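Here are my notes on the enclosed space in this model. They are set out as numbered points.

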Amino acid sequence: MDKKSFIKTMRSWESGSITRRDFLGKTGLGLAMAVVAANTPGLLSGKAYAAEGSNIGDRLALATWPNYHSQENFDAFAKATGARVQMNVFGSNEEMLAKLQAGGSGWDVFVPTNYTISTYVQLGLIEPLDLSRIPNFDPKAFEERFMAQGTVDGKVYAVPKNWGTTGIVYDASRVKGSPDSWKQFWDLTLTHASGRTIVHDYQLTAIGNALKYYGYSFNSLDPKELAEAEKLLIQAKPHLFAINSDIQPSLRNGDAWMAMAWTGDASQLHRDNPDMTFVLGKEGGEIWSDFFAIPKSAEHRDAAYAFINYLLDPQHNKLEVLSHGYPSGDKRVDALLSKEMLDDPIMYPAAERLSPLEFGAAATLTSPARAELMARFKAA
């Protein structure tokens, strides 16, 4: 593998687009590490470099979402503190919850979505944050709607990372008709885009956006409405390219033409290919905010606080936004962005497109009816 290919593959791993196993296999490092480990025991198990004067340890385990961070920030944080970031990528909040409930996650920081935080609190999986250790967090810089669900019973358990929407991304050179609704999304999946559509591997959005086909609430738990959504999902299943929350690789190589998409995925795709078009369903759908939280089981708590505080510095947070294409929600960061970015309709949709959107409801995360529906859909 030449240098250019190696760096490209490494960046795909760092962004979460490929797994660690894929990275080691494609680059040959997996075999090399196995040979070294066999012939030089202990060489690969030593501590990572820790910056002089640092007392936060040499590593930090982060559970997060695909394509969601600036590697430049990770590298700078490691250089400044000696703590390198070990990233675990997930495709759904229910997957994150199950992992943390099972114990032994090893996470120091994770990135839950707004509607899940009260459940983490009720289950005793996270603890209130010591805000004195996050001086870069300024609540006055955020809109209340993007911050409120991090506070439960008057205690702050999580601080905002960024916000976004869930919509439709499609390749305009291949998908005709300029779809702008969830009805069109599903109808195209069954016809013109058959075999070319990706649906999130995430019950909140997969089921929620099927409910929107009929004009129902994104968060509905009504048995009759869920039955209609399931019928649509089962009908669409043979026509899907994949059920996968990491949509970018398949859209970039042309295997898929259309997908459910979060803001940042759409921003990154459109930045590299202007034919990649993002729209919010006119019937509504999801608006959300993600947060930083620290599990009670965190082993490297000092590193966790240092990491969150580092990324909430407006200059560092600007690098995050430039990398992933999600709005931070922090007015201090917005002041550092270009007019072109602030006027970007993918990142900052028009008010009339935002108004019908719903934040996820806590009850959907632990709903047996929704969990069972999603399992039947995936098994069909």
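**Internal cavities**

1. In this predicted model, the largest cavity holds about 90 Å³ of space. Counting cavities of 30 Å³ or more gives two.

2. The wall of the largest cavity is made by Trp65, Tyr68, Asn93, Thr113, Tyr202, Trp262, Glu286, Trp288, Asp290 and Tyr326. By class, six of these lining residues are nonpolar, two are polar and two are charged. The aromatic names on the list include Trp65, Trp262 and Trp288, along with Tyr68, Tyr202 and Tyr326. Glu286 and Asp290 also belong to this lining.

3. Which strand provides the largest share of the lining of the largest cavity? Strand S11, spanning residues 285–292, does so with three residues.

4. The second largest cavity has a volume of about 60 Å³. Around this cavity are Lys161, Asn162, Phe292, Leu311, Leu312, Asn317, Glu320, Val321, His324 and Ser328. The lining of the second largest cavity splits into four nonpolar, four polar and two charged residues.

5. Where in the fold does the lining of the second largest cavity come from? At least two residues each are supplied by strand S6 (159–171), helix H12 (301–312) and helix H13 (314–324). Of the elements involved, H13 gives the most, with four residues.

6. For a look at the model, the two linings can be taken in turn. Start with Trp288 among the residues lining the largest cavity, then turn to Phe292, one of those lining the second largest cavity.

Definitions and conventions
Residues numbered from 1 in each chain as written. Predicted model: local features only at pLDDT ≥ 70, side-chain atom pairs only at ≥ 80, totals over all residues. Heavy atoms only, no water. 1 Å grid on protein atoms, 1.4 Å probe; cavity = no way out; pocket = protein on both sides within 12 Å on 5 of 7 lines; lining within 4 Å. Points joined across faces, edges and corners; volume = space filled by probe spheres on them. Nonpolar A, V, L, I, M, F, W, Y, C, P; charged D, E, K, R; others polar.
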